[in-house]
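Colleague: Before I rely on any of the labels attached to this model, I would like to go through them one at a time and hear on what grounds each was given.

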Amino acid sequence: MALIPDQAVLPIDLANALRLAGARDIEVQIARQRVSEALGELQLARSAWLPSLFYGPQWVRHDGQAQIVEGPVETISKSSLFVGGMAALGDGISGPVPAGGPPNVGGFSTILRLSDAIFLPMAARRVVDAQRAGVSVAVNRAILGVAEAYFDLQAAAGRLAIASEAAANAETLVELTSSFARSGLGLEADYRRSLVERDLQRREVAQAVGMLEMASAELIRRTRLDPGILVAPVEPPESILRLIPDATAPGDLITTALLNRPELAEQRKFVEATVIRLKQARLRPFVPSLSTRVSGGGYGGGRNDFFGDFDGRFDTDVNIFWELRGLGVGDAAYMKMADARNREAKLRVLQIQDQVAAEVMQAEKLRLAASRQIAEAERAVPDALESLELNLANIRRGAGLPDATRPIEVLQPIQALARARQAYLDSVLEYNRAQFRLYAAMGRPESLPSPATSTEWILPPAVRVAEPIGPPILPAPAE
């Protein structure tokens with residue numbers, strides 16, 4: 001159908017909208033990049049055991065006082081050139097390799113802390129697992145967001161259908177009151193009143209079109225489709241979504257959620273990482289560190305600007321030591337911080353558990369309330385529809401008779417039918433939203449049908465938005 005000139009409305013169903021959410025959502029892609037970053041950090045932590053290579057020539061020139069090997073200080077002028085490279089474990093090299101061979105510990109230094117090399121990869125592995133669970137968190141949120149946007153689109157489509165039906169019924173009322181007024185069986189005032197109602201219903205249609213376009217734009221934004229298109233839902237707006245059996249016990253819902261929510265899996269991996277770092281902090285003073293440097297190349301030089309006597313040179317420096325940081329005070333502070341981070345991570349698990357249980361129960365209570373509203377609103381729709389049909393029948397049968405039903409009395413049944421349909425639509429969509437929120441709050445468990453593959457929609461025939469009621473049999477206008 002065309003809502004505005006040259007604007008086609010394209011169909012979209014919930015299943016395909018959800019597939020687009022999982023595949024094209026920006027937050028999901030960002031979460032996947034965090035996994036890649038965590039894998040890089042894991043690779044970096046594992047590379048601590050591998051030596052770093054430094055290579056390139058270096059020239060050294062010295063003029064002035066220097067202490068010779070025997071002890072006296074003399075004024076000398078010398079230069080040297082080293083062409084080669086160096087391999088060193090750990091980190092700490094902050095400049096080029098000195099031409100005289102490997103640096104001493106007091107200058108450039110490389111230190112491999114064995115506690116870091118052992119425990120950091122273990123902690124980084126847990127962070128990778130946490131970030132992978134974070135992808136599931138992002139997917140869950142994206143799917144819930146798209147579902148909410150889709151239900152908004154259904155609400156707008158349903159409102160448009162209801163407004164269109166009411167506008168058609170109001171047009172029928174205009175024809176009815178006009179015919180009665182022309183025949184002298186009705187009042188001009190009733191005809192004018194019906195015109196007002198028709199114009200107001202047409203305004204409702206125009207407003208509903210705008211709401212549909214807004215809801216379409218939001219769904220398109222979330223699914224990253226072409227912003228220039230307009231979409232409408234395939235599923236009838238008043239159909240009921242069945243995902244989770246209504247008879248499921250609240251305790252079972254909460255248990256399933258605690259086992260499946262990716263936020264809990266994510267935070268538990270962060271807890272494991274803090275446990276490893278706490279163990280590292282406690283063992284740090286007792287695990288030695290290692291400094292190893294090996295250099296080799298060609299070395300030569302001489303007095304003043306003379307270069308000569310080049311020959312091979314090979315140097316090795318190995319140092320193993322223990323460190324008591326700040327006389328032990330620094331190590332105690334390090335352990336205190338690691339313990340606090342571990343306790344904080346554990347408390348966040350409890351916080352997320354409480355949040356998950358609350359989300360499950362909120363969605364369940366909302367579902368129960370909406371279910372009760374559906375039962376009430378479902379009875380009102382057929383009654384309102386029958387009331388309208390009976391009023392029209394009475395007008396047809398009693399045209400021109402004394403005490404006949406006035407045509408304008410159809411106005412209230414038209415409005416009542418629109419309200420009843422809207423109430424039912426609101427109740428159904430509230431139920432559907434609650435169903436999907438509960439499904440998302442439970443972590444989209446695999447034991448339940450996936451809405452992207454086997455969504456069940458139920459459409460009670462008694463509450464379908466009917467075709468506009470045709471014009472009634474009108475009395476012939478007076479000659």
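**Labels and their grounds**

Modeller: Arginine 159 forms a salt bridge with glutamate 204, and, like everything we discuss here, this pair belongs to a predicted model.

Colleague: Why is the pair of arginine 159 and glutamate 204 called a salt bridge?

Modeller: The closest N and O atoms of arginine 159 and glutamate 204 are 3.4 Å apart, and the cut-off is that a side-chain nitrogen of Lys or Arg lies within 4 Å of a carboxyl oxygen of Asp or Glu, so the pair meets the criterion.

Colleague: What makes you say that this pair ties together parts of the chain?

Modeller: Arginine 159 lies in helix α3, whereas glutamate 204 belongs to helix α4 (residues 188-223), and the parts joined in this way are 45 residues apart in sequence.

Colleague: How do you know whether arginine 159 and glutamate 204 are buried or exposed?

Modeller: Neither word applies, because the relative accessible area is 23% for arginine 159 and 28% for glutamate 204, while buried requires under 20% and exposed over 50%; arginine 159 is therefore called partly exposed, and so is glutamate 204.

Colleague: What makes arginine 125 and aspartate 129 a salt bridge, and how are they placed in the helix?

Modeller: Their closest N and O atoms are 3.6 Å apart, which is within the 4 Å allowed, so the label holds. The two residues are four apart in helix α3 (residues 114-183), and they are therefore separated by about one helical turn. Arginine 125 has a relative accessible area of 25% and aspartate 129 one of 23%, so both fall between the limits of 20% and 50% and count as partly exposed.

Colleague: How does the pair of aspartate 339 and arginine 343 fare under the salt-bridge rule?

Modeller: For aspartate 339 and arginine 343 the closest N and O atoms are 2.9 Å apart, so the 4 Å limit is met. These residues are likewise four apart, in helix α7 (residues 329-398), and about one helical turn separates them. Arginine 343 has 53% relative accessibility, which is over 50%, and it is therefore called exposed.

Colleague: What makes a set of salt bridges one network, and how many salt bridges does the structure hold?

Modeller: Salt bridges that share partners are joined, and in this way Arg125, Arg126, Asp129, Lys269 and Glu272 form one network; the structure holds 26 salt bridges.

Colleague: Turning to the rings, how many aromatic pairs are there, and why is the pair of phenylalanine 151 and phenylalanine 436 assigned its geometry?

Modeller: There are two aromatic pairs. The ring centres of phenylalanine 151 and phenylalanine 436 are 6.3 Å apart and their planes stand at 75°; centres must lie within 6.5 Å and planes over 60 degrees apart count as edge-to-face, so that is the label. The pair links distant parts of the chain, with phenylalanine 151 in helix α3 and phenylalanine 436 in helix α8, 285 residues apart.

Colleague: How do you know whether phenylalanine 151 and phenylalanine 436 are buried or exposed?

Modeller: The relative accessible area is 1% for phenylalanine 151 and 1% for phenylalanine 436, and since both values are under 20%, both residues are called buried. Phenylalanine 436 also pairs with tyrosine 439, the centres being 5.7 Å apart and the planes at 70°, so this pair is edge-to-face too. Tyrosine 439, at 3% relative accessibility, counts as buried, and the ring pairs link Phe151, Phe436 and Tyr439 into a cluster.

Colleague: What makes arginine 433 buried, and which residues is it in contact with?

Modeller: Arginine 433, found in helix α8 (residues 411-441), has a relative accessible area of 12%, which is under 20%, so it is called buried. Leaving aside neighbours within four places in sequence, arginine 433 is in contact with Glu148, Phe151 and Asp152.

Colleague: Why is phenylalanine 314 given its accessibility label?

Modeller: Phenylalanine 314, in strand β8 (residues 308-321), has a relative accessible area of 61%, and because this is over 50% it is called exposed. It nevertheless touches Val294, Ser295 and Gly296, not counting residues up to four places away in sequence.

How values were computed: Residues are numbered from 1 along each chain as its sequence is written. This is a predicted model: local features need pLDDT of at least 70, side-chain atom pairs count only at pLDDT 80 or more; totals for chains, interfaces and linings use all residues. Side-chain values use heavy atoms; hydrogens and water are left out. Buried means under 20% relative accessible area, exposed over 50%, partly exposed in between (1.4 Å probe, protein chains only). Contact means heavy atoms within 4.5 Å. Rings of Phe, Tyr and Trp (its six-membered ring) pair if their centres lie within 6.5 Å; planes under 30 degrees apart count as stacked, over 60 as edge-to-face and the rest as tilted.
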